[in-house]
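I sat down with this one to see how the sheet, the helices and the core fit together. Here are my notes, in the order I looked things up.

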Amino acid sequence: MSLENKPVKTGPTTSENPELRRLITADGSSGFPAETGRYHLYVGLACPFSHRTLIGRKLKGLENVITVDIVDSVKPEIGWSFTPDKKGCTPDTVNGKANMADVYKLIDPNYAGKVSVPLLWDKQTGTSVNNESAEILRMFNSEFNAFCQTDAQRALDLYPSELRSKIDEIDKWVAADINAGVYKCGFAPNQAAYDNAVNALFNALDKAEGILSKSRYLVGNQITEVDIKLFCTLIRFDVVYATLFKVCVFMKEDSPLLRLKREICLA
């Protein structure tokens, strides 16, 4: 079993439901073997946690291995829904449901937990695999190498063993103060909570900028999963967070953060 079998918690919608925290493994030891065409990914393009899984799928050349459906970016009261007549959206091509709430009810008719994306689905058994984006990203990184399109994609390792302790160390504050930090600002119940969250956010951004002023990526000269996680939040500041969450970040043209955005956009 090549994927470390331990929980990875980096998003505000992390689930403790065991049916949503299963792992795909290359050798099949988990009961969910890596296969081409078997697994399906439900995502929302507005969601940074979905975005990181799509980037992992792209970088590893798994577009023809993992199928994808895209929910409407505008989230109605019922939650993430399928609006196939809207540009950039798809129908639910696997289960034929109108919204993600109905997909989750296929897992358990009495499901009362958080209805979130991404959700990785097993088409063969007709059930969920995982809805924790960090774990999905790691599965795409390490468990589907037999199906990558090129040798370079197969060799790409976003969580190399020799860098894991450093990646985990940086990921703790990137996840808590940046990835989740923007949500803490946007949904702060009072001014004091907002002030605490925004201070932590900008301190973490300064910390990331300091690291990137000395190295190409957050953990040296090799792109890793933590760069992707940071990017998925950075890319949304202008279009989402500045107005919706009241966190405006001005990046100079020579900002290391802006350079990271450009590099991953062109990857």
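The entries below go from ground rules to sheet, helices, cores and odd spots.

**Ground rules**

I am working from a predicted model, in which local features need pLDDT of at least 70 and side-chain atom pairs count only at pLDDT 80 or more, while totals for chains, interfaces and linings use all residues. Residues are numbered from 1 along each chain as its sequence is written, and side-chain values use heavy atoms, with hydrogens and water left out.

**The sheet**

I started with the strands, which like the helices are DSSP runs numbered from the N terminus (strands are E, at least two residues; helices are H or I, at least four). I found 4 strands in an open sheet, ordered E2-E1-E3-E4, with mixed pairing. I kept in mind that two strands pair if DSSP finds at least two bridges between them. E2 and E4 (127–130) stand at the edges with a single partner strand each, so one side of each has no neighbour in the sheet. The twist averages 30° from one strand to the next. For angles, I note that axes are lines fitted to C-alpha atoms, for helices over the stretch in contact, and that values run from 0 to 180 degrees between N-to-C directions.

**Strand E1**

Next I looked at E1, residues 39–44. I see that 6 of its 6 residues are buried, where buried means under 20% relative accessible area, exposed over 50%, and partly exposed in between (1.4 Å probe, protein chains only). Tyr39, Leu41 and Val43 cover one face, and His40, Tyr42 and Gly44 the other.

I then checked its partners. E1 pairs with E2 (residues 67–71) in the parallel sense over 5 bridges, and histidine 40 has threonine 67 as its bridge partner there. On the E3 side (residues 119–122), the strands run antiparallel with 4 bridges. Leucine 41 is matched with leucine 120 in E3, and histidine 40 with tryptophan 121.

**Strand E3 and its hairpin**

E3 is also covered on both faces: Leu119 and Trp121 are buried on one side, Leu120 and Asp122 on the other. I count 3 bridges between E3 and E4, in the antiparallel sense, and aspartate 122 stands opposite threonine 127 in E4. The E3–E4 hairpin has 4 residues between the strands, and glycine 126 takes a positive phi near 65°.

**Helices against the sheet**

What do E1, H1 and E2 make together? They form a right-handed β-α-β unit: with the strands pointing away from the viewer, the path from the first strand over the helix to the second runs clockwise. H1 packs on the sheet, touching E1 and E2, where contact means heavy atoms within 4.5 Å. H2 (residues 100–107) lies across E1, E2, E3 and E4 and runs at about 50° to E3.

I also looked at H1 against H3 (residues 133–142), which pack at an angle of about 0° with axes 9 Å apart. That makes H1 roughly parallel to H3, a label for angles under 35 degrees (over 145 is roughly antiparallel, 65 to 115 roughly perpendicular, the rest oblique). Phe49, Arg52, Thr53, Gly56 and Arg57 in H1 meet Ser133, Ala134, Ile136, Leu137 and Phe140 in H3.

**Cores**

By nonpolar core I mean buried Ala, Val, Leu, Ile, Met, Phe, Trp, Tyr and Cys residues joined through side-chain atoms within 4.5 Å. Among the 38 residues of the largest one, Leu201, Leu205, Leu218, Leu230, Phe237 and Val247 touch the most other members. Several helices supply at least two residues each, including H1 (48–59), H7 (191–212) and H8 (225–234). H7 gives the most, with 7 residues.

I picked valine 247 for a closer look. Not counting residues up to four places away in sequence, valine 247 touches Val182, Cys185, Tyr194, Val198, Leu201, Phe237, Tyr241 and Ala242. Another core, of 19 residues, lies apart from the largest and has Leu23, Leu120, Val129 and Cys148 among its members.

**Loop spots**

Threonine 224 sits in the loop between H7 and H8. Is threonine 224 buried or exposed? It is buried, with a relative accessible area of 0%. Leaving aside neighbours within four places in sequence, threonine 224 contacts Leu158, Pro160, Leu163, Ile167 and Val219.

In the loop between H9 and H10 I found lysine 246, which has a positive phi of about 60° although it is not a glycine. Lysine 246 is exposed, at 56% relative accessible area.

Last entry: a cis peptide bond joins valine 117 and proline 118, with omega about 5°. Proline 118 lies in the loop between H2 and E3.
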